[in-house]
Amino acid sequence: MNAIPRGVLVLIGIFIGGLIIASPLAVKMVDFGISYGTAGVLAYSITFPVTDILSEVYGPKAARRVVRAGFVTLIVVFALIQISIHWTPAPFWEGEEGFMEVMSSSLRIIVASVVAYIISQSFDVWFFHLLKDKSNGRFLWLRNNGSTVISQAIDTFVWTAVALYGVLGTAELWQIGVGEWSAKVAIAVLDTPFVYLGVWWLRRLNRQEKGGENKEIGAA
C-alpha cells in the first residue's frame, strides 16, 4: 500500500480543522459591515478550496472520499458533544453554565451543518468536474469559483433554514443568509490564487515523492 503524500495530509488536516471549528464558531453572530452572519463563515469556507485542489490533482473519487471523511467527523463531533453535555460535572467545576450555553446552542447548528455539508460538498465536487469536462481541463479559476458560488449558496440557505428557522424572523433569516453567502463568494474569489498555488504545490510534492501520484486516495 502506497503512503499518503504529505501534501494530502496537510490539506486534509486543514479541511477537517476548518470543518470542526466552524460549528462552535457559528454560535456567534458577527457584523460584516454591510450585513450580518456567523463567525464560522471563514473557517467553513476554507474547506471548499481544499476539495477543489484535491479534485484537480487526484480527481472526483479522491475528493468524495475526503467529503465522506468529513461527514463521519461531524457525526463523531456531534456524539462527543452529546456525551460531554450529559457527563456529570465535577463538584468544583464553576464553568458549567457557560459551557452548556455554548455547546447546547451548537447542537442544532451541528445538525444543520451535517445536512448542509453533505448536500453542498457533494454538489461542489460534481459540478467542479462537470465544468472541468466542459472546458477540456482549462480555466481552473472558472470551475473553482463557479462550483463554490453555487454550492455555497446551497450550503448557506440549507444551513440557515435548519439552524435558525423559528429562532429568528423571516427578514433576519434572509439577511443572515444573503450576508453569509456574500461573504463566502468574496472569500471564494480571494482564494483563487491559493487554489492555483495549492495545485502547483501538491503536484510538485508528488513529483518529489517516490512513486509520483498516490494511487490509493483516488481509488473507488
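A salt bridge is a side-chain nitrogen of Lys or Arg within 4 Å of a carboxyl oxygen of Asp or Glu. The exercises below use this definition on a predicted model.

**Exercise 1. The salt-bridge network**

Task: Find which residues are linked to Glu56 in a network of salt bridges, and work through the pairs of glutamate 56 with lysine 132 and arginine 143.

Solution.
1. Begin with the total. The structure holds four salt bridges.
2. Take lysine 132. Its closest N atom and the O atom of glutamate 56 are 3.7 Å apart. The cut-off is 4 Å, and the pair forms a salt bridge.
3. Place the two partners. Lysine 132 lies in helix α5 (residues 96–134) and glutamate 56 in helix α3, so the pair ties together parts that are 76 residues apart in sequence.
4. Take arginine 143. Its side chain meets that of glutamate 56 in a salt bridge, at 2.9 Å from N to O.
5. Place this pair too. Arginine 143 belongs to helix α6 (residues 140–164) and glutamate 56 to helix α3, so parts 87 residues apart in sequence are tied together.
6. Check the cover. Glutamate 56 has a relative accessible area of 9%, so it is buried. Arginine 143 is buried as well, at 1%.
7. Name the network. It links Glu56, Lys132, Arg143 and Arg203.

**Exercise 2. A pair between α6 and α7**

Task: Say which residue forms a salt bridge with aspartate 155, and whether aspartate 155 is buried or exposed.

Solution.
1. The partner is lysine 184. The closest N and O atoms of this salt bridge are 3.0 Å apart.
2. Lysine 184 sits in helix α7 (residues 170–190) and aspartate 155 in helix α6, so the pair joins parts 29 residues apart in sequence.
3. Buried means under 20% relative accessible area. Lysine 184 has 4% relative accessibility, so it counts as buried.
4. Aspartate 155 also has 4%, so it counts as buried.

**Exercise 3. Helix α3**

Task: Compare the expected span of helix α3 with the distance between its end C-alpha atoms, then find how many of its residues are buried.

Solution.
1. Helix α3 covers residues 47–58, which is 12 residues.
2. The expected span is 1.5 Å times one less than the number of residues. For α3 that gives 16 Å.
3. The end C-alpha atoms of α3 are 16 Å apart, which agrees.
4. Now the cover. In α3, 12 of its 12 residues are buried. Among them are Phe48, Asp52, Ile53 and Tyr58.
5. Look just past the helix. Glycine 59 takes a positive phi of about 100 degrees there.

**Exercise 4. Positive phi in a loop**

Task: In the loop between α5 and α6, work out how asparagine 136 and phenylalanine 139 stand in phi and in accessibility.

Solution.
1. Recall the background. Most residues other than glycine have a negative phi.
2. Asparagine 136 is found in the loop between α5 and α6. Its phi is positive, about 55 degrees, although it is not a glycine.
3. Phenylalanine 139 lies in the loop between α5 and α6. Its phi is also positive, about 60 degrees, and it is not a glycine.
4. Exposed means over 50% relative accessible area. Asparagine 136 has 63%, so it counts as exposed.
5. Phenylalanine 139 has 39%, so it is partly exposed.

**Exercise 5. A nonpolar patch**

Task: Identify which residues form a nonpolar patch on the surface, and place isoleucine 83.

Solution.
1. The patch is made of Val72, Val76, Leu80, Ile83 and Trp87.
2. Together they have about 530 Å² of accessible area.
3. Isoleucine 83 is found in helix α4 (residues 60–86).
4. Its relative accessibility is 47%, so isoleucine 83 counts as partly exposed.

**Exercise 6. The whole chain**

Task: Describe the elements of the chain, then judge its radius of gyration against the globule rule.

Solution.
1. The chain has eight helices and two strands. From the N terminus the order is α-β-β-α-α-α-α-α-α-α.
2. The radius of gyration is 19 Å, close to the 17 Å of the globule rule for 220 residues, so the chain is as compact as a globular protein of that length.
3. Along its principal axes the C-alpha trace spans about 55 × 40 × 25 Å.
4. Of the 220 residues, 44% count as buried.
5. Turn to contacts between residues at least 6 apart in sequence. Of these, 78% join residues at least 24 apart.
6. The accessible surface comes to about 11600 Å². Carbon and sulfur atoms account for 69% of that surface.

Technical notes:
Residues numbered from 1 in each chain as written. Predicted model: local features only at pLDDT ≥ 70, side-chain atom pairs only at ≥ 80, totals over all residues. Heavy atoms only, no water. Patch = residues over 30% accessible without salt bridge, like charges linked within 9 Å, V, L, I, M, F, W, Y side chains within 5 Å. Areas by Shrake-Rupley, 256 points an atom, 1.4 Å probe, with all protein chains shown as cover. Helix = DSSP H or I, 4+ residues; strand = E, 2+ residues; numbered from the N terminus. Buried < 20%, exposed > 50% of the residue type's maximum accessible area, 1.4 Å probe, protein only. Rg over C-alpha atoms; globule rule 2.2 N^0.38 Å. Contact = heavy atoms within 4.5 Å.
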